[in-house]
Amino acid sequence: MLAKNNYGVMAVTLSDIKADVGSVAGHVIPHPKQIKSIKEILKEGAKSKRINDFFVSRVGDDIHMIMLHNNGEGAREVHGLAWDALSAASEEAKKLGLYAAGQDLLKDAFSGNVKGMGPGIAEMEFEPRKAEPIIALMADKTGPSAFNLPISRIYADPFTTSGLVIDSRLNQGFIIEVMDQKEGTIIPFDLPAELHLYLAVIGDVTKYTIKRVRSKNNELGTAAVLSTDKLSYIAGKYVGKDDPVALLRAQSGFPAVGEILQPFMFPTLVGGWMRGSHVGPLFPCSSEESNPTFFDGPPRVVGLGFMINKDQIVGVEESPSVGEHKPVDYFAGEDFQYAREKAMDIAVYMRQHGPFMYERLPEEDMEYTTLKQVLEKILKDKKVSVE
Ligand code: F6R
Ligand code: MG
Ligand code: MG
């Protein structure tokens, strides 16, 4: 754990642990009883000081638990609490006969850390500044590499983040840690010096994801963390979607909120739509509006903003109390309507391809992994050799 910072404030850890543990009428929306059971358990966790504060949100069928504490990354007490909360929501789903109850909980017993057990995790320990604005980007019906392009724009493109040119702290650049999904190895890139090499790697969204971004300014530390686990690599087969989350610190030496949000005006094409096997545009929307309806999509992204004030989370709620926060829902409202309309045009265009690539993902990237074996078996008997 980090010591106290320059302002004499204890280092804090922000953890977003998320999972799909069942939903109503398709892979669409969790039931309110699931959210209620999660809140009850996390409130108990706050009472017993395992966490300081939290709020619960959702995008599509994924429940996100955003928790503030002082236990560091990968802490047993926090991960255990999150596992208990998700297990309770999963039980609730089973009782209510919800769809895909318990989907992302791949193991039966908790063994110290939820990593590799199914839920997605983005966690960062840092020394909070005097004012600490945070953005959580939560996506549904896509995979961890959905953020490769937007995050690259935010930290490496001066045409997006003008602070890279104008602000002397941003001007020093960032280290972006890239993960090789299959090997599980990390490759750090020093930006902007290694920009071209970085783009050569990160542009391959089938292999690489961004794990962490660090400021090169000594005082600032971690800028962003992302969840990177691919569920099918954990389970060895398709079991559900590894819909990702990113946590980003904003302003005062980090990209401004508006610089972080700008890339989402462009509906990036991402993999993971319908059956984890199609390509679609990233559709920015509010949490409320995040029910995936058109061909189980299009892939959604929700952006939530809140402050960290010592051991408290502060949103726009009238009377803050533990677990009951109302973050700013950035993609609600008119501004991003432009991107939504554009995304729908692209979505309809992509769907005209039906089962043809590149609307359908190439075989090795499809989440439903049995097609290859089925086809091999059937085609073996049907094939006739040509003279
Ligand atoms: C994608 C997703 C859905 C399902 C699809 C089929 O992440 O969750 O698109 O893949 O609805 O679901 P099953 O196989 O449960 O019938
Ligand atoms: Mg689901
Ligand atoms: Mg989902």
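Below, a biologist questions a modeller about a predicted model.

Modeller: This is a predicted model, in which local features need pLDDT of at least 70, side-chain atom pairs count only at pLDDT 80 or more, and totals for chains, interfaces and linings use all residues. Residues are numbered from 1 along each chain as its sequence is written, chains are lettered from A and ligands numbered from 1 in the order in which they are written, and side-chain values use heavy atoms, with hydrogens and water left out.

Biologist: Which protein residues are the donors of the magnesium ion (ligand 2)?

Modeller: Donors are N, O and S atoms within 2.8 Å of the metal (3.2 Å for Na, K and Ca); water is not among the atoms, so sites may look incomplete. Here the donors lie 1.9 to 2.2 Å from the ion. Their spacing in sequence is D-x6-H-x33-D. They are D20 (OD), H27 (ND1) and D61 (OD).

Biologist: Where do H27 and D61 lie in the chain?

Modeller: Helices (H or I, at least four residues) and strands (E, at least two) are DSSP runs, numbered from the N terminus. The two donors of the magnesium ion (ligand 2) link distant parts of the chain, 34 residues apart. H27 is in the loop between β1 (12–19) and α1 (32–47), and D61 is in the loop between β2 (53–59) and β3 (62–69).

Biologist: Is D61 buried or exposed?

Modeller: Buried means under 20% relative accessible area, exposed over 50%, partly exposed in between (1.4 Å probe, protein chains only). H27, at 24%, counts as partly exposed. D61 has a relative accessible area of 2%, so D61 is buried.

Biologist: Which residues are the protein donors of the magnesium ion (ligand 3)?

Modeller: Along the chain the donors follow the spacing D-D-x77-D-x102-D. They lie 2.1 to 2.2 Å from the ion. The donors are D61 (OD), D62 (OD), D140 (OD) and D243 (OD).

Biologist: Which residue bridges the magnesium ion (ligand 2) and the magnesium ion (ligand 3)?

Modeller: The two ions are 4.9 Å apart. One residue coordinates both. That residue is D61.

Biologist: What is the relative accessibility of D140?

Modeller: D140 is a donor of the magnesium ion (ligand 3). D61 and D140 are 79 residues apart, with D140 in strand β5 (residues 132–140). D140 counts as buried, at 0%.

Biologist: What separates the C-alpha atoms of A136 and V245?

Modeller: A136 lies in strand β5. A136 is buried, with a relative accessible area of 0%. V245 is 109 residues from A136 along the chain, yet their C-alpha atoms are separated by 7.0 Å.

Biologist: How many residues of helix α3 are buried?

Modeller: Helix α3 spans residues 148–156 and is mostly covered. The buried residues are N148, P150, I151, S152, I154, Y155 and A156. The count is seven of nine.

Biologist: How many salt bridges does the structure hold?

Modeller: A salt bridge is a side-chain nitrogen of Lys or Arg within 4 Å of a carboxyl oxygen of Asp or Glu. K39, K43 and E324 are linked in a network of them. The structure holds 17.

Biologist: How far apart are the closest N and O atoms of R212 and E73?

Modeller: R212 forms a salt bridge with E73. The pair links distant parts of the chain, 139 residues apart, with R212 in strand β8 (residues 208–215) and E73 in the loop between β3 and α2 (76–96). R212 is buried at 15%, whereas E73 counts as partly exposed at 37%. The closest N and O atoms are 2.8 Å apart.

Biologist: Which residue forms a salt bridge with E44?

Modeller: The partner is in helix α1, as is E44, three residues apart, about one turn of the helix. E44 is partly exposed at 48%. The closest N and O atoms are 3.7 Å apart. The partner is K47.

Biologist: Why are E91 and K94 separated by about one helical turn?

Modeller: Their side chains meet in a salt bridge (3.6 Å, N to O). E91 counts as partly exposed at 44%. The separation is about one helical turn because E91 and K94 are three residues apart in helix α2.
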